[in-house]
Amino acid sequence: MDRHSQITYWCHEIIKSQAVRDGIYIDGTMGKGNDTKLFCELAGDTGQVLAFDIQEEAMEKTERFLKKDNTYNRMGNRLRLILDGHEHMDQYAETETVDVICFNFGYLPGGDHTICTKPETSIEAIGKGLKLLKSGGMMSLCIYSGGDTGFAEKNEILAYVRKLSAKEYTVIVNEYYNRENDPPMPVFIFKT
């Protein structure tokens, strides 16, 4: 599949066009490390990256991925791979200090499909993440639904972000309009 048709490509392009460089970034769903790597690039020589996952397999894959080009060593203690649920991110970062937060809701590609994000903890993580964001910060949500995970999480997340104050947040919901089989949905939240 062409990279331009991939949700992660578009989310990364939006993040790169909007993100403050050398900031603080949180990857709420580490997975295989692609978003974490993007954040390490944005962090430059002074920024920080926190990446969360509940699966040791995800943490190990991310660490291996980041070691391939020395990103892991270059970042040093400015990169923290954290084996914990994203709903606990507020225990690792201060309110209004984070520039960008991203999530990929669903399950680890190629992993155990029975281990996936859940509406309750995902919405809790979004809420806590919004408090951690600086004014001018952004959050990227890649929502995968259908198949093994169903639609409950997608529907609950969309209902939640619809109710966010328009004075405090701009929420942009995108969709692949000409794709079948429940394509992923990118959502962006910008904090005023």
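Here are some worked exercises on the predicted model above.

Residues are numbered from 1 along each chain as its sequence is written, and side-chain values use heavy atoms, with hydrogens and water left out. Since we're dealing with a prediction, local features need pLDDT of at least 70 and side-chain atom pairs count only at pLDDT 80 or more, while totals for chains, interfaces and linings use all residues.

**Exercise 1. Work out where Ser122 sits and what its side chain pairs with**.

Step 1: place the residue. Ser122 is in helix H5, residues 119-132; helices (H or I, at least four residues) and strands (E, at least two) are DSSP runs, numbered from the N terminus.

Step 2: check exposure. Ser122 has a relative accessible area of 0%, so it is buried (buried is under 20%, exposed over 50%, partly exposed in between, with a 1.4 Å probe and protein chains only).

Step 3: list the neighbours. Leaving out residues up to four places away in sequence, Ser122 touches His86, Phe105, Thr117, Glu153 and Ile157, where contact means heavy atoms within 4.5 Å.

Step 4: look for polar pairing. The side chains of Ser122 and Glu153 share a polar contact of 2.5 Å (a pair of N or O atoms within 3.5 Å; within protein, one must be able to donate a hydrogen and the other to accept it, and residues adjacent in sequence count only if both atoms are side-chain atoms).

**Exercise 2. Check the span of H5, then find its buried residues and what covers them**.

Step 1: do the span. The expected span is 1.5 Å times one less than the number of residues. For the 14 residues of H5 that should be 20 Å, and the end C-alpha atoms are 20 Å apart, so the two agree.

Step 2: pick out the buried residues. They are Pro119, Ser122, Ile123, Ala125, Ile126, Gly127, Gly129, Leu130 and Leu132.

Step 3: find the cover. It includes strand S1 (24-27), S4, S5, helix H6 (152-162), strand S6 (169-173) and strand S7 (185-191).

Step 4: come at H5 from a loop. Met89 lies between strand S3 (79-83) and S4, and is buried at 0% relative accessible area. Its contacts include Ala125, Gly129 and Leu132.

**Exercise 3. Describe the largest cavity and say which helix gives most to its lining**.

Step 1: count. There is one cavity of 30 Å³ or more. On a 1 Å grid over the protein atoms alone, a cavity is a set of points where a 1.4 Å probe fits but cannot get out, and lining residues have an atom within 4 Å of a point.

Step 2: get the volume. The largest cavity holds about 40 Å³, with grid points joined across faces, edges and corners, and the volume being the space filled by probe spheres set on the points.

Step 3: go round the lining. Among its residues are Thr8, Cys11, His12, Ile15 and Asp35. Helix H1 (7-18), strand S4 (98-105) and strand S5 (133-143) each give two or more residues. H1 has the largest share, four residues.

**Exercise 4. Find the backbone oddities at Asp22 and Asn70**.

Step 1: Asp22, in the loop between H1 and S1, has a positive phi of about 60° although it is not a glycine. At 42% relative accessibility, Asp22 is partly exposed.

Step 2: Asn70, in the loop between H3 and H4, has a positive phi of about 75°, and it isn't a glycine either. Asn70 is partly exposed at 39%.

Notes
1 Å grid on protein atoms, 1.4 Å probe; cavity = no way out; pocket = protein on both sides within 12 Å on 5 of 7 lines; lining within 4 Å.
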